[in-house]
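Open the model in your viewer and show it as a cartoon. The stops below say what to select and what you will find there.

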Amino acid sequence: MPSTALTATAAFQALTTHHREALSWHMRDLFATQQDRFERLSVSAAGLLLDYSKNRINDTTLELLLALARERGVEPQRDAMFAGDKINFTEHRAVLHTALRAPRDLRLEVDGQHIAADVHAVLDRIASFVERVRDGNWVGRTGKPITDIVNIGIGGSHLGPQMASTALRSFSHPRLNMHFVSNVDGHDLDAALAKVDPETTLFIVASKTFTTQETMMNAQSARNWFLQHATEADLPRHFVAVSTNSEGVRAFGIDTDNMFPFWDWVGGRYSVWSSIGLSVALAIGAKNFGELLAGAHAMDEHFLHAPLATNMPVILALIGIWNRNFFNSESLSIAPYHHDLRFFPAYLQQLEMESNGKRITRDGSPIKVATCPFIWGDVGTNGQHAFFQLLHQGADITPIDFIAVLKPGHNLPGHHAVLLANCFAQSEAFMRGKQAEEVRADLSKEGMSQQELEALLPHKTFNGNRPSNTIVMEALTPASLGALIALYEHKTFVQGVIWGINSFDQWGVELGKVLAKTIQSELSGTSVPERHDASTNALIALAKQALG
Ligand code: F6P
């Protein structure tokens, strides 16, 4: 593990010098002078293509970025992660989400645990449960097949299941309606309960720790609602749990026979591959869930074995470092051009921001450069009519990851070509922009007066030179989705290694949790709290008055 500060490395310093030169480039010129730019600056792996040619890079940039990856020890740290070393050192944990999608014959033992045997034993249990629900043999208390699945979880126990089930909608069982409840705001659960029938609903309480306030409260309220229509004896047919905490599951009143376990070496935001993905497996079936895992495994194999220069997650990560640390881009916009991927930006928010939203390096010292950018976005073409204006002409330069799917999952004629045309047109426009001469020529053709033309010119001119990546897949399938998620997981890992931070803990979310408990007890007490600042005291007083 490198002990040198990132900014003191030879590669970082060389990149700093090189960046001064890069500031004068325009991508239009780079494309004009390099006919094979797409061939040189794109890579394929695990059914995905990454086109990273629309970035402000040349061959030297890439060489220097790859040197940075080597100097920071990306390869040995990657190998350590796959080997089960306890790289999450603040929690003394291995990081083995890759083992969740490895084949049965993986030979890996951690703390005396034969990882693949345990993983596949749980996958087999999931498969048999899933098939019973899907073929109607697992019935509700009145003998009717299950029609609705309500996944109750938050963070990684919600975002992955919701995103993947939605993305794979066209593979879903026609009888099963999926619902996802995460927010402690009762409106969330209330809306879901209004849509389901207690006779035919299966609740999945999904929580790694089984202590998360929001999930426990929602699960308790769902249980109370269910018991208004049924008896305690009916609970096992309608409530199952997914957790690492069997004690907590038992204490909540769910039989551990109805619990699907996983392990502390699976981080919440990396857990969709574990039994946290139970709702996904119910929706798409065990075989397709296996395909999702296989797609991710194919990306794992690529990440593990491809040379750095053609390693897709490494390249995606390095382009991100170039934009973040040298061009100072504060955010990264994710633009999936597929409606079923609409939860993907939110999924990546947790994956990247909870992993790399850190400012302390592994040796405990503050980092001297920026780390994870803000991740945000929305599906195309919707975003084009909302926030793309800022992306085109705003004062900040925001890199974009476009995600394009070549074949649609529907039969509506015409739509998909229009969708793809928009996707490709946007990345072209961000790269090329529209120069003053082009605008002038257009306006002259319209017969505009010279004075009016000159006044309009700066408003209609686009500088372009705005970076983007385009990730292309043939179709949105379980396998391609698995590869896509794994691509971003490994990208996140590589960036964490470059920044020298621990990507696998999340101490930052704890403070808010602790303070919420204090205020919660004050809200239910009788005295006006005085230990807070004036603003917080006043807000608490307002809430107390309203809640009575
Ligand atoms: O508060 C953050 C967090 O710990 C996430 O990392 C996690 O995915 C989420 O809460 C939910 O945790 P759990 O699955 O234990 O309920």
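Begin with the largest pocket: select T209, T212, Q506, E510 and K513, which lie nearest its centre among the 38 residues that line it. Bear in mind throughout that this is a predicted model. The volume of the largest pocket is about 960 Å³.

Next, colour three helices: α9 (213-227), α14 (344-356) and α20 (510-524). Each of these gives at least two residues to the lining of the largest pocket. Which helix supplies the largest share of the lining? That is α20, with five residues. If you colour the lining by class, you will find twelve nonpolar, 16 polar and ten charged residues.

Now colour residues 106-288 as domain 2 and residues 508-547 as domain 3. The largest pocket lies between these domains because both give residues to its lining.

**The parallel sheet**

Move to the open sheet of five strands, and follow it in the order β6-β5-β7-β8-β9; the pairing is parallel. Its edge strands are β6 (177-181) and β9 (259-261), each of which pairs on one side only. From one strand to the next, the twist averages 20°.

Within this sheet, select β7 (residues 201-206) and β8 (residues 239-243): they run parallel and are joined by four bridges. To see where the two strands face each other, show V205, which stands opposite A241 in β8.

Add helix α12 (residues 278-305), which packs on the sheet. Which strands does α12 touch? They are β5 (148-152), β6, β7, β8 and β9. Looking along β7, compare directions: that of α12 makes about 145° with that of β7.

**The hairpin and its partner strand**

For the last stop, go to β1 (residues 42-45) and β2 (residues 48-51), which pair in the antiparallel sense over four bridges. Show S44 as sticks and find its bridge partner in β2, L49. The two strands form a hairpin with two residues between them. In the turn, click on A46, which has a positive phi of about 50°.

Keep β2 selected and add β13 (residues 468-475). What is the sense of the pairing between β2 and β13, parallel or antiparallel? This pairing is antiparallel, over four bridges. To find one of the contact points between these strands, show L48 together with M473, its bridge partner in β13.

Key: Residues numbered from 1 in each chain as written. Predicted model: local features only at pLDDT ≥ 70, side-chain atom pairs only at ≥ 80, totals over all residues. Heavy atoms only, no water. 1 Å grid on protein atoms, 1.4 Å probe; cavity = no way out; pocket = protein on both sides within 12 Å on 5 of 7 lines; lining within 4 Å. Points joined across faces, edges and corners; volume = space filled by probe spheres on them. Nonpolar A, V, L, I, M, F, W, Y, C, P; charged D, E, K, R; others polar. Domains from an automatic or database assignment. Pairing = 2+ DSSP bridges. Axes fitted to C-alpha atoms, helices over the stretch in contact; angles between N-to-C directions. Contact = heavy atoms within 4.5 Å.
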